[in-house]
Amino acid sequence: MIKIIIFIISIVFSCTVNAEMKHSHKLFNATKPYPEIELTVEKDIMDGFNLRIVTRNFRFTPERVNKSNSPNEGHAHIYINGEKIRQYSPYFHLSRKLLHKNKNEIRVSLHANDHSHFVVDMEKIQKTIFVQK
């Protein structure tokens with residue numbers, strides 16, 4: 001019985017590790033002046049929240065996605081409780097359907113045209129906030 005439990009745990013762990021590796025991105029060094037990111041959230045009277053991705057020294061370029069990288073331009077990835085959404089502009093609506101009842105982690109990272117993480121000194125350019133539904 002113990003062997004079966006260990007086998008099941010190893011399969012689950014293996015699947016989790018492979019899933020994480022499958023979604024890893026390359027790193028791309030940002031150039032000076034380095035991009036900065038701030039997040040603002042406002043309650044939407046109709047539904048959920050409105051997220052604004054405020055950047056400095058970074059330009060959203062949806063027309064260049066999957067093309068060659070250029071300094072400090074690209075798109076964002078929004079992770080809502082770990083679920084990734086690609087974002088090509090600074091505005092995003094966080095519908096109640098996307099959120100859990102309690103605390104929700106919203107993480108936004110900046111990415112180059114080829115989906116590489118923008119980094120400064122090997123640190124990803126990203127910001128995390130939490131919202132209550």
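## Salt-bridge exercises

The structure holds 6 salt bridges (a side-chain nitrogen of Lys or Arg within 4 Å of a carboxyl oxygen of Asp or Glu). It's a predicted model, so local features need pLDDT of at least 70 and side-chain atom pairs count only at pLDDT 80 or more, while totals for chains, interfaces and linings use all residues. Residues are numbered from 1 along each chain as its sequence is written, and side-chain values use heavy atoms, with hydrogens and water left out.

**Exercise 1.** Work out which parts of the chain the salt bridge of Asp114 and Lys26 links.

*Solution.* Start with the contact: the two side chains meet at 3.2 Å, N to O. Next, place the partners: Asp114 sits in the loop between β8 (103–111) and β9 (117–120), and Lys26 in the loop between α1 (2–22) and β1 (27–29). Helices (H or I, at least four residues) and strands (E, at least two) are DSSP runs, numbered from the N terminus. So these are distant parts of the chain, 88 residues apart.

**Exercise 2.** Find which residues share a salt-bridge network with Glu73, and say whether Glu73 is buried or exposed.

*Solution.* Take Arg59 to begin with: its closest N and O atoms with Glu73 are 2.8 Å apart. Glu73 lies in strand β5 (residues 73–80) and Arg59 in strand β4 (residues 59–60), so the pair ties together parts 14 residues apart in sequence. Now Arg64: here the closest N–O distance to Glu73 is 2.6 Å. Shared partners therefore join Arg59, Arg64 and Glu73 into one network. Last, accessibility: Glu73 counts as buried at 5%, while Arg59 at 48% is partly exposed, and so is Arg64 at 23%. (Buried means under 20% relative accessible area, exposed over 50%, partly exposed in between; 1.4 Å probe, protein chains only.)
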